[in-house]
Amino acid sequence: MTTRRTFLSLSALSAAGLCAFERENHAALAEPVKQLNPPAKPVIITRVTGDQTIQQAYQMLLDGSDTLDAAHHICLGRENDPTDHSVGLGGLPNEDGVVELDSCCMHGPSRRAGSVGGVRNIKNVCLLARKVFEHTSHVMMVAQGAEKFAVDLGFAEENLLTEDARKIWMLWKKNNSSMDWWGVPMADPAWKDPYADRPAPKPTFDLHGLSQLRPGPVPRHPTPEWHATIQARMQRLTEMAADLNIEPDKRLFAAEQILWPTTGTIHVSVINTKGEMSGATTTSGLAWKLAGRLGDSPILGAGSYTDQDVGSAGATGSGEENIKVAGAHTIVELMRQGWSPKDAGLETLKRIVRNYNGDMTKLRYLDMEYYILRKDGAYAGVSLWSTGATGKPRSFVVHDGSYRVEPCVALLQGAITEWPPF
């Protein structure tokens with residue numbers, strides 16, 4: 001007969017045996033990764049920045065700088081550039097006209113991490129995220145608390161809404177339709193494609209509807225039949241831009257920002273010849289988002305994740321979708337199990353597709369790109385769709401002694417459709 005004491009003893013032994021088995025199994029899976037040697041040269045993987053910060057960061061690595069210093073050097077170039085409307089100073093604001101910034105970072109050698117979200121009036125949030133783990137026992141700080149923390153540390157407060165970004169925001173408000181981020185989300189079973197049936201829903205006032213032409217959002221990679229619609233909408237938007245006193249040479253760009261809002265979150269993963277790794281992500285988030293919205297960029301394990309024993313990964317794109325699959329962490333764990341960087345990235349993209357049961361009427365509104373770096377210097381850039389906002393193939397930058405732009409491996413061919421249809 002089994003007594004209570006015997007049962008508890010057997011349960012404890014079983015649990016101990018199970019834990020031992022799991023440890024052995026996990027060790028066996030991780031063993032091939034452990035055997036990988038650091039690269040002969042440093043490696044950086046990120047997006048195209050349009051400046052010299054990647055080359056400068058690479059020289060920093062050659063000179064012996066810390067990997068997180070190198071990653072943040074690239075992030076700072078974007079945060080400090082007022083013409084980059086997706087990161088830092090000059091980022092496109094939320095629907096209330098306020099710029100809110102998010103960032104996180106992980107330092108492989110010390111296995112420390114920091115994150116900040118919804119930060120206003122502080123430009124260099126990538127450095128602020130680092131200060132979180134350097135000066136506190138916390139990992140994440142947000143909103144007013146994070147801003148006060150920054151000021152206490154000597155960060156300068158400044159208005160991040162540049163005049164150019166403010167005028168684009170005003171143009172958006174003037175052109176704003178009744179379809180925005182409010183409403184039934186795509187993940188809800190009750191969601192319906194707003195353009196499955198014609199005609200498309202009428203905006204509050206028919207400025208971009210031009211219903212005699214093609215209704216609905218303009219695709220990011222429009223085909224020829226969209227030419228007349230785009231021409232008409234652009235003409236109307238540039239007229240509105242003139243009414244708002246936007247300079248003539250900036251009106252076309254402002255109109256483009258309404259039809260195709262800037263998306264340009266930046267992630268950087270870095271490894272040196274010692275095998276030391278770091279990763280960082282920074283962004284101003286979705287243009288015209290609801291105030292207080294946080295995407296994946298400040299979420300460790302989603303927007304960025306680095307494990308010194310395995311690799312580093314980060315993301316840009318539809319942050320809500322990436323949070324739901326813990327994208328960066330998923331990729332690193334798959335690499336721990338022996339998956340290649342490319343296959344780990346594609347598998348994670350498939351999980352996003354699975355969340356919508358492969359329904360292309362929904363997936364066409366989503367976007368995702370992963371930047372992946374393994375501890376031996378192997379890397380990959382993968383994307384959900386094959387083309388970006390301009391219709392050009394999705395690409396990423398790698399620097400391993402030579403700087404080059406490489407095409408992403410795409411899970412799906414084609415381009416997304418912009419949502420919401422501003």
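How many salt bridges does a search of the whole structure find? The search finds 25, in what is a predicted model. Before turning to these charged pairs, it helps to walk through the framework that carries them.

The account starts with the open sheet. Eight strands make it up, in the order β4-β3-β2-β6-β5-β1-β11-β12, with mixed pairing. The edges are taken by β4 (140-142) and β12 (403-407), and each has a single partner strand, so one side of each is left without a neighbour in the sheet. On average, neighbouring strands of this sheet are turned by 10 degrees against each other, direction ignored. At the β4 edge, strand β3 (residues 112-119) pairs with β4 in the parallel sense over three bridges, and Ser115 is found opposite Met140 of β4.

Two helices can be placed against these strands. Helix α3 (residues 67-79) packs on the sheet, where it touches β1, β2 (101-107), β5 and β6 (277-283). The direction of α3 makes about 15 degrees with that of β6. Helix α2 (residues 53-62) lies across β1 (43-46), β5 (266-271), β11 (395-399) and β12, and α2 runs at about 155 degrees to β1.

A further set of strands is centred here on β10. Strand β9 (residues 368-374) and β10 run antiparallel and are joined by five bridges, with Glu369 opposite Ser383 of β10. The two strands form a hairpin with four residues between them, and in the turn Gly377 has a positive phi of about 95 degrees. Strand β10 also runs parallel to β13 (residues 409-412), to which three bridges join it; here Trp385 stands opposite Leu412. Six of the seven residues of β10 (residues 379-385) are buried, so this strand is largely enclosed by the rest of the structure.

Helix α10 (residues 327-336) gives a similar reading of burial. Eight of its 10 residues are buried, so the helix is largely enclosed by the rest of the structure. The buried residues are Gly327, Ala328, Thr330, Ile331, Val332, Leu334, Met335 and Arg336. Just after the helix, Gly338 takes a positive phi of about 110 degrees.

Arg336 leads back to the salt bridges. Side chains of opposite charge can pair when their charged atoms come close. Arg336 forms a salt bridge with Glu333, and the closest N and O atoms are 2.8 Å apart. Because Arg336 and Glu333 are three residues apart in helix α10, about one helical turn separates them. An α-helix has 3.6 residues a turn, so residues three or four places apart point the same way. Arg336 has a relative accessible area of 10% and is therefore buried, the cut-off being under 20%.

A salt bridge within a helix is also found in α11 (residues 341-355), where Arg351 and Glu347 lie four residues apart, about one turn of the helix. The closest N and O atoms of Arg351 and Glu347 are 3.3 Å apart. Arg351 is partly exposed, with a relative accessible area of 35%, and Glu347 is likewise partly exposed at 22% relative accessibility. Elsewhere, salt bridges that share partners join Arg47, Asp51, Arg78, Asp81 and Asp84 into one network.

The salt bridge between Arg111 and Asp309 has its closest N and O atoms 3.0 Å apart. This pair links distant parts of the chain, 198 residues apart: Arg111 sits in the loop between β2 and β3, and Asp309 in the loop between β7 (304-307) and β8 (311-317). Arg111 counts as exposed at 53% relative accessibility, whereas Asp309 counts as partly exposed at 36%.

Aromatic contacts complete the picture, with three aromatic pairs in the structure. Trp172 and Trp288 form a stacked pair, 5.1 Å centre to centre with 5 degrees between the planes. Trp172 belongs to helix α6 (residues 163-175) and Trp288 to the loop between β6 and β7, so the pair ties together parts that are 116 residues apart in sequence. Both Trp172 and Trp288 are buried. Trp191 and Tyr365 form an edge-to-face pair, 6.2 Å centre to centre with 80 degrees between the planes. This pair too links distant parts of the chain, 174 residues apart, with Trp191 in the loop between α6 and α7 (227-243) and Tyr365 in the loop between α12 (360-363) and β9. Trp191 and Tyr365 are both buried.

Definitions and conventions:
Residues are numbered from 1 along each chain as its sequence is written. This is a predicted model: local features need pLDDT of at least 70, side-chain atom pairs count only at pLDDT 80 or more; totals for chains, interfaces and linings use all residues. Side-chain values use heavy atoms; hydrogens and water are left out. Two strands pair if DSSP finds at least two bridges between them. Axes are lines fitted to C-alpha atoms, for helices over the stretch in contact, and angles run from 0 to 180 degrees between N-to-C directions. Contact means heavy atoms within 4.5 Å. Buried means under 20% relative accessible area, exposed over 50%, partly exposed in between (1.4 Å probe, protein chains only). A salt bridge is a side-chain nitrogen of Lys or Arg within 4 Å of a carboxyl oxygen of Asp or Glu. Rings of Phe, Tyr and Trp (its six-membered ring) pair if their centres lie within 6.5 Å; planes under 30 degrees apart count as stacked, over 60 as edge-to-face and the rest as tilted.
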